[in-house]
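Biologist: I'm new to reading protein models. Could you walk me through this one?

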Amino acid sequence: MKNTFNNGLSRRSFLAAAGAAAGVAAVPAWAAPSLPLRQIDLAAAPGATHLVDSDGTKTKVWSYNGRVPGPEIRIRQGERLRVAVRNGLTEETTVHWHGLRVPHAMDGVPHLTQKPIAPGETFVYEFDAPDAGTYWYHPHQRSFEQVGRGLYGPLIIEETNPPQVDRDVTWVLDDWRLLIDAQISEDFGNRHDMSHAGRIGNTVTVNGRITDMFEARAGERIRLRLINAANARIFGLEFDGHTPWVIAYDGQPVDPHQVTGRLDIGPAMRIDLILDLTGDPGDAFAVRDTFYSRLKYRLLNVVYGPKRLRDKPMRKVAALPDNTMPEPDLASAERHHIAFGGGMMGGMAMAKMGGREVGMMEMMRNGKAWTVNGVAATGHVMDPILTLARNRSYILALDNQTAWYHPIHLHGHSFRVISRNGEPTRHKEWQDTVMMAPREQVEIAFVADNPGGWMFHCHILEHQAGGMMGVIQVT
Ligand code: C2O
Ligand code: CU
């Protein structure tokens with residue numbers, strides 16, 4: 001069920017990548033090879049896959065290397081990754097390595113960090129993987145449509161000493177809006193989605209397929225990596241009959257803790273679980289998604305086969321080793337307030353758009369509905385909302401003034417979530433995407449150690465396109 005990334009690059013594909021003539025970015029000067037270099041080619045192109053059933057109708061998608069999700073890239077912490085991305089679409093694209101702390105030039109943001117990759121051209125990304133964890137990759141160009149049509153894939157950075165499990169499993173969750181003929185509804189970026197909850201679909205896939213069951217073995221311990229690749233759907237998973245342990249959020253280790261209730265995972269977020277399969281041979285338990293009270297459904301069944309793998313359950317769940325983020329110094333940290341506004345029922349009167357004061361109606365006519373600090377973004381290049389001094393600690397007080405959920409993502413850094421509505425969080429979890437509930441106030445803290453202009457945006461991709469996006473400059 002997993003596509004394991006092949007070590008090394010075949011001579012043929014290396015030559016193909018190197019020989020793609022015009023459009024090949026030179027390997028940057030800082031690219032001094034140190035640890036092993038892993039290479040892969042990705043081709044973004046239209047294709048067709050079996051989303052709904054394995055022998056019936058294929059759904060036309062846009063995908064990497066002809067599959068949805070794209071190939072699972074799996075390397076070791078500390079290794080260097082080189083990815084040659086060929087654009088086989090009829091529009092520009094880029095690839096963003098979501099959650100990975102890469103150098104600015106490798107971040108895949110059109111016009112801000114690179115020239116978008118034109119149709120037929122190839123761009124070579126190359127960077128180190130400083131931190132272990134569960135990440136993913138996707139375009140940053142017209143993401144609401146490119147990601148929505150199937151362009152995304154998992155990116156796994158393995159720990160040097162990974163925790164002992166019987167299986168390491170990735171579930172990439174996605175949500176599609178399909179028509180009765182199993183084809184994607186073309187209404188991308190419509191005004192209603194943009195100003196409400198985003199493009200919520202009607203078909204949920206696990207690893208690119210509607211999935212009925214997950215095969216389990218009694219006594220087995222699995223590491224389950226959940227990745228939400230949906231444009232807008234928030235998943236709220238309940239594991240009947242099981243009590244999973246959370247060991248990482250957004251790839252970053254957290255004190256292992258058990259979840260008895262619902263496990264919420266917003267767009268772009270990841271959660272690593274240790275799941276002990278404590279049922280008996282022949283058992284079946286549902287994994288249900290109950291996030292939207294009127295859209296509850298069963299994601300799949302965990303079905304136990306006849307064999308028992310072990311009698312005694314494995315011992316305690318150990319914490320993952322720390323990653324390499326510097327610890328923010330809260331005492332000396334400078335504090336900034338960032339307001340998120342707009343949307344239906346938000347009560348927003350005026351906003352700035354393209355340097356002008358406009359009312360909500362005019363914003364909507366221009367396909368905008370959301371703001372960061374009163375400004376609706378019209379592209380990736382804009383005046384920074386904040387300029388931070390390199391290697392200093394910062395607390396950002398995020399203030400959701402809207403009636404909607406927003407998973408807010410910062411590029412180039414991970415941050416600690418230190419409080420919600422004034423209450424300190426229990427785990428001070430590291431994240432790169434933090435979900436804000438309607439009207440919620442969330443404080444995050446981090447050291448601004450990665451120089452460049454970094455996107456800071458809602459990962460409901462219709463909200464991002466609708467203006468909820470800013471740039472944080474680290475100098
Ligand atoms: Cu996952 Cu700015 O992106
Ligand atoms: Cu949002």
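Modeller: Sure, let's start with burial: 58% of the 475 residues in the protein chain are buried (under 20% relative accessible area with a 1.4 Å probe, protein chains only; over 50% is exposed, and in between is partly exposed). Keep in mind that this is a predicted model, where local features need pLDDT of at least 70, side-chain atom pairs count only at pLDDT 80 or more, and totals for chains, interfaces and linings use all residues. Residues are numbered from 1 along each chain as its sequence is written, chains are lettered from A and ligands numbered from 1 in the order in which they are written, and side-chain values use heavy atoms, leaving out hydrogens and water.

Biologist: Which residues are the protein donors of the copper ion (ligand 2)?

Modeller: Donors are N, O and S atoms within 2.8 Å of the metal (3.2 Å for Na, K and Ca); water is not among the atoms, so sites may look incomplete. Here they are His406 (ND1), Cys458 (SG) and His463 (ND1), lying 2.0 to 2.1 Å from the copper ion. His406 sits in strand β27 (residues 406-410) and Cys458 in strand β33 (residues 452-458), so this pair ties together parts 52 residues apart in sequence. Strands (E, at least two residues) and helices (H or I, at least four) are DSSP runs, numbered from the N terminus.

Biologist: Are those two buried or exposed?

Modeller: His406 counts as buried, at 0% relative accessibility, and Cys458 also counts as buried at 0%.

Biologist: How many helices and strands does the protein chain have?

Modeller: There are five helices and 34 strands.
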